[in-house]
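Open the model in a viewer and keep the sequence panel beside it. The stops below say what to select and what is there.

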Amino acid sequence: MAFGDCPDDGALRHAWGRFCERLRESGDEVFKEFNPANPLQRADAFRFLTQNLGQAFDLALETRDTRYPMLHAFCTPTRKLGGDAADFTYRQAWIDGRHVYRISGNSGSARFLNFTVQGPRPAMQPGTGWPSLHEPFGDIPEANLFKHQLETAPDGSFELWLGGEKRDTNWLPTTPGTRKLFVRQGFDSWDETPAQLSIERVGMAAPRPLPTPETMVEAMAWAGDFLAGMMHDWPDHPYRYSGGVVDPACLNQFPPERSASSADDARRGRLAAHMCWALAPDEVLIVEFETHDGFWMVSLGGAFMNSMDYLYRPVSYTPARTRVDSDSTVRLILCADDPGYHNWLDTQGFAAGNLTYRNLMSTATTTFRTRLVKRADLASALPSGSVRVTPQERVAQLHTRFDSIRRRYAL
């Protein structure tokens with residue numbers, strides 16, 4: 001048997017060839033202006049591309065049939081995308097508003113849990129004139145359910161229904177345009193456990209059909225569009241269109257007028273503020289804000305707004321894991337080597353990247369201050385009582401992080 005013996009051979013080969021062309025073109029975006037021209041960050045950009053190559057056909061094919069839904073781990077320690085936060089987990093399932101779905105499992109102990117039903121993805125975001133981000137982003141939230149609204153048994157078990165007739169509890173409505181379920185969990189202390197979730201369509205009575213050549217051709221096109229859009233849009237799209245993301249030319253500071261006050265983020269159960277940073281090897285950036293009630297998190301990202309290595313490195317902080325100075329100020333220290341202070345954010349030797357603050361389930365705002373100092377002057381720039389750690393204590397902290405992240409992802 002050879003090429004041409006099957007009537008679909010030509011269409012399949014053409015679709016695969018076009019996908020490979022899109023992949024090659026996507027690689028050229030590694031060298032865009034926003035990505036610093038140094039070995040670590042050039043390599044990280046290709047890693048960003050290959051990580052998402054690994055999920056392109058999960059999204060385009062393996063989980064695509066809404067009659068047979070699957071909860072797909074959208075971001076993990078080895079797959080980063082979309083300004084993901086180190087202390088969030090993200091899962092999605094393609095669904096169809098014409099069907100009814102049942103989610104079952106255990107709510108776990110993560111401090112934040114949110115189920116969002118997403119509607120159609122318009123070409124332009126309503127009321128903004130902004131083009132939508134690449135697939136699978138850009139769809140419009142239709143309904144939300146937060147952890148405190150979820151009724152569970154004493155052991156944390158529950159059932160949640162999507163679509164169908166209205167239920168008094170544990171129900172999210174759908175519409176004819178509903179296309180996706182998005183599940184986010186936010187973790188504060190290292191001992192919190194993740195929710196255990198599964199999804200099924202009500203009425204499944206037969207095995208999932210095997211992909212046809214037509215299915216594969218469509219999936220190859222979708223996967224190529226996904227990768228090309230991803231490499232084109234990050235980080236350009238948020239810089240150009242999102243009012244919540246700072247101009248990258250304004251480095252190492254949060255603009256005061258954007259101090260965690262986005263109305264768009266509020267509907268997703270959060271407020272956010274964003275900063276671009278750039279550091280020389282002998283520089284340190286100190287980020288300060290007043291301690292406040294609520295659940296906030298700060299997370300480092302790379303040039304493509306992909307989260308940094310949170311499995312092995314201290315690249316994020318939350319209230320339970322942060323030390324506050326005696327003047328009620330949180331001081332986070334960005335640099336490439338361990339400064340010996342508790343609140344170290346490890347830049348991994350990158351020359352530039354992103355820092356994002358999120359405040360969850362709160363409308364409270366805060367104001368940030370930043371100071372750029374030489375590495376040799378760090379001690380004199382901090383209060384004398386700022387909590388220090390020994391090398392042995394840092395190793396213990398990193399092991400605790402490692403164990404907790406593995407538990408979140410069942411690694």
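## Stop 1: an exposed loop residue

Select D293, which counts as exposed at 74% relative accessibility. The loop that holds D293 runs between β13 (283-290) and β14 (295-301). Now add F88 to the selection: D293 and F88 are 205 residues apart in sequence, and their C-alpha atoms are 19 Å apart in space. Keep in mind throughout that this is a predicted model.

## Stop 2: the whole chain

Zoom out and show the cartoon. Seven helices and 19 strands make up the secondary structure of the protein. The radius of gyration is 22 Å, close to the 22 Å that the globule rule gives for 411 residues, so the protein is as compact as a globular protein of that length. Along the principal axes, the C-alpha atoms fill a box of roughly 75 × 50 × 45 Å.

Switch to a surface. About 18300 Å² of the protein is exposed, and carbon and sulfur atoms supply 54% of that area. Of the 411 residues, 53% are buried. For contacts between residues at least 6 apart in sequence, 77% join residues at least 24 apart.

## Stop 3: helices α1 and α3

Two packed helices are described by the angle between their axes and the distance between the axes. Select residues 9-28, helix α1, and residues 213-233, helix α3; their axes come within 9 Å and cross at roughly 10°. Angles under 35 degrees count as roughly parallel, and that makes α1 roughly parallel to α3.

Show side chains where the two helices meet. From α1, select A11, L12, A15, W16, F19, R22, L23 and S26. Their counterparts in α3 are P213, M216, V217, M220, A223, G224, D225, L227, A228 and M231. By type, the residues of this contact divide into 14 nonpolar, two polar and two charged.

## Stop 4: M231

Stay in helix α3 and centre on M231. Is M231 buried or exposed? At 0% relative accessibility, M231 counts as buried. Neighbours within four places in sequence aside, the residues in contact with M231 are S26, E29, V30, K32, A45, F48, L49 and F304. S26 is also among the α1 residues of the helix contact at the previous stop. For a distance check, select C75: the C-alpha atoms of M231 and C75 are 16 Å apart, with these positions 156 residues apart in sequence numbering.

## Stop 5: two cis peptide bonds

Most residues other than glycine have a negative phi, and most peptide bonds are trans. This stop and the next concern departures from those patterns.

Move along the chain to W234 and P235. The peptide bond from W234 to P235 is cis, with omega near -5°. P235 lies in the loop between α3 and α4.

Then go to E135 and P136, which are also joined by a cis peptide bond; here omega is about 0°. The loop containing P136 connects β6 (130-131) and β7 (141-146).

## Stop 6: two residues with positive phi

Select N170. Although N170 is not a glycine, its phi is positive, at about 50°. N170 sits in the loop between β8 (157-162) and β9 (171-172), and with a relative accessible area of 9% it is buried.

Next select S328, another residue other than glycine with a positive phi, near 65°. S328 is in the loop between β15 (316-317) and β16 (329-335). How accessible is S328? At 38% relative accessibility, S328 counts as partly exposed.

## Stop 7: a buried loop residue

Select N252, in the loop between α4 (236-241) and α5 (263-266). N252 is buried, with a relative accessible area of 12%. Which residues are in contact with N252, leaving aside its neighbours within four places in sequence? They are M275, C276, W277, A278, L279, L285, T370 and L372.

## Stop 8: a buried strand residue

End at A93, in strand β2 (residues 88-94). A93 has a relative accessible area of 1% and is buried. Beyond its neighbours within four places in sequence, A93 is in contact with M70, L71, R179, K180, L181 and I199. To finish, draw a line from A93 to L345: their C-alpha atoms are separated by 33 Å, and the two residues are 252 residues apart along the chain.

Definitions and conventions: Residues numbered from 1 in each chain as written. Predicted model: local features only at pLDDT ≥ 70, side-chain atom pairs only at ≥ 80, totals over all residues. Heavy atoms only, no water. Axes fitted to C-alpha atoms, helices over the stretch in contact; angles between N-to-C directions. Helix = DSSP H or I, 4+ residues; strand = E, 2+ residues; numbered from the N terminus. Parallel < 35°, antiparallel > 145°, perpendicular 65-115°, else oblique. Contact = heavy atoms within 4.5 Å. Nonpolar A, V, L, I, M, F, W, Y, C, P; charged D, E, K, R; others polar. Rg over C-alpha atoms; globule rule 2.2 N^0.38 Å. Buried < 20%, exposed > 50% of the residue type's maximum accessible area, 1.4 Å probe, protein only. Areas by Shrake-Rupley, 256 points an atom, 1.4 Å probe, with all protein chains shown as cover.
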